[in-house]
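Work through the exercises below with the structure open. Each task is followed by a solution in steps.

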Amino acid sequence: MSKKSSISRRHFLTAATLGGSTIALSGCDAFDNLLAGDSGVRETIAKANDLTYRVQRLLFGRNALATEYSENDIRQPMRPNGDTAPEDPDYVALQAKNFADYKLEVTGLVEKPLSLSLDELRNMPSRTQITRHDCVEGWSCIAKWTGVQLSRVLDEAKVKPEARYVVFRCFDTIEQTLNGGIKYYGSVDLIDARHPQTILAYGMNGKTLPIANGAPVRVRVERQLGYKMPKYLRSIELASSLKPFGQGHGGYWEDNGYDWYGGV
Ligand SMILES: Nc1nc2c(c(=O)[nH]1)N[C@H]1C(S)=C(S)[C@@H](COP(=O)(O)O)O[C@H]1N2
Ligand SMILES: [Mo]
């Protein structure tokens, strides 16, 4: 019997009741009441976040797809948000040559580290999907994304068994600090990394991905919020823990209090 079917009915009902409100989990009073019997389950926000994650996994399965839309549903341009024109010298230099010298580095817990040019990425099998982007600030856009499935890149690099996370590093400095600045970064686990709709996108709405939306390559993780989809992707590192990166919470926004699992 699979692990999933051995979950008790009581637990399943708890999960099902919560399903509709997973986006509002943090700071939700109803959540405390529902879990009143499970003492110790929600001592901290971090644990609630962990529960959101497990509830979603339980309800929707590892590979449930985000809704895909039709061309007619693309009613507006994709609204750029966050960094929209990185001024970092490495990025500016690459941009000046239309990203001809761009290389995506794949490092860490892999048997075969990779350094992939844009042409190499474009020559891999592609996937196009029309999906809705939900920003935590409360707006959404539907756009068409084209890229290579991250799973294909991971297969090429041969992920080592001890790897648990994929960490994305970006070119842009999201926050200026006294000693330089903080580069945008983020992470997902290998379940989301291998999800069929998780792509490294180089095209948007039938054209080359614009600078404002993350050229030359940005991540799409369609079942999570916008901040989980790094733009201006510089490198991918396979890791067994998120502790060594940034302040240890798995991303720039996570280090500033956002949930690591930003499910929608
Ligand atoms: N490198 C980088 N990636 C990023 C951001 C950013 O500022 N820098 N902003 C995030 C947020 S909050 C959102 S909503 C989306 C915005 O993507 P868009 O500009 O294509 O709308 O990118 C995400 N990825
Ligand atoms: Mo966002």
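**Exercise 1.** State how many aromatic pairs this predicted model holds, then classify the pair formed by Tyr91 and Tyr232.

Solution. Rings pair if their centres lie within 6.5 Å, and the count comes to nine aromatic pairs. For Tyr91 and Tyr232 the centre-to-centre distance is 5.3 Å, with 80° between the planes. Planes over 60 degrees apart count as edge-to-face, so the pair of Tyr91 and Tyr232 is edge-to-face.

**Exercise 2.** Which parts of the chain does the pair of Tyr91 and Tyr232 tie together?

Solution. Tyr91 belongs to helix 4 (residues 89-96), while Tyr232 sits in the loop between strand 9 (218-220) and strand 10 (233-239). The pair therefore links parts 141 residues apart in sequence. Tyr91 and Tyr232 are both buried. One aromatic cluster takes in Tyr91 and Tyr232 together with Phe99, Tyr102 and Phe171.

**Exercise 3.** Treat the pair of Tyr227 and Tyr258 likewise, and decide for each residue whether it is buried, partly exposed or exposed.

Solution. The ring centres are 4.8 Å apart and the planes stand at 80°, so this pair is edge-to-face. Tyr227 lies in the loop between strand 9 and strand 10, and Tyr258 in the segment after helix 8 (252-255); the pair thus ties together parts 31 residues apart in sequence. Buried means under 20% relative accessible area. Tyr227, at 10%, is therefore buried. Tyr258 has 29% relative accessibility and so counts as partly exposed.

**Exercise 4.** What percentage of the residues in the protein is buried?

Solution. Of the 264 residues, 48% are buried.

Notes:
Residues numbered from 1 in each chain as written. Chains lettered and ligands numbered in written order. Predicted model: local features only at pLDDT ≥ 70, side-chain atom pairs only at ≥ 80, totals over all residues. Heavy atoms only, no water. Buried < 20%, exposed > 50% of the residue type's maximum accessible area, 1.4 Å probe, protein only. Phe/Tyr/Trp six-rings, centres within 6.5 Å; stacked < 30°, edge-to-face > 60°. Helix = DSSP H or I, 4+ residues; strand = E, 2+ residues; numbered from the N terminus.
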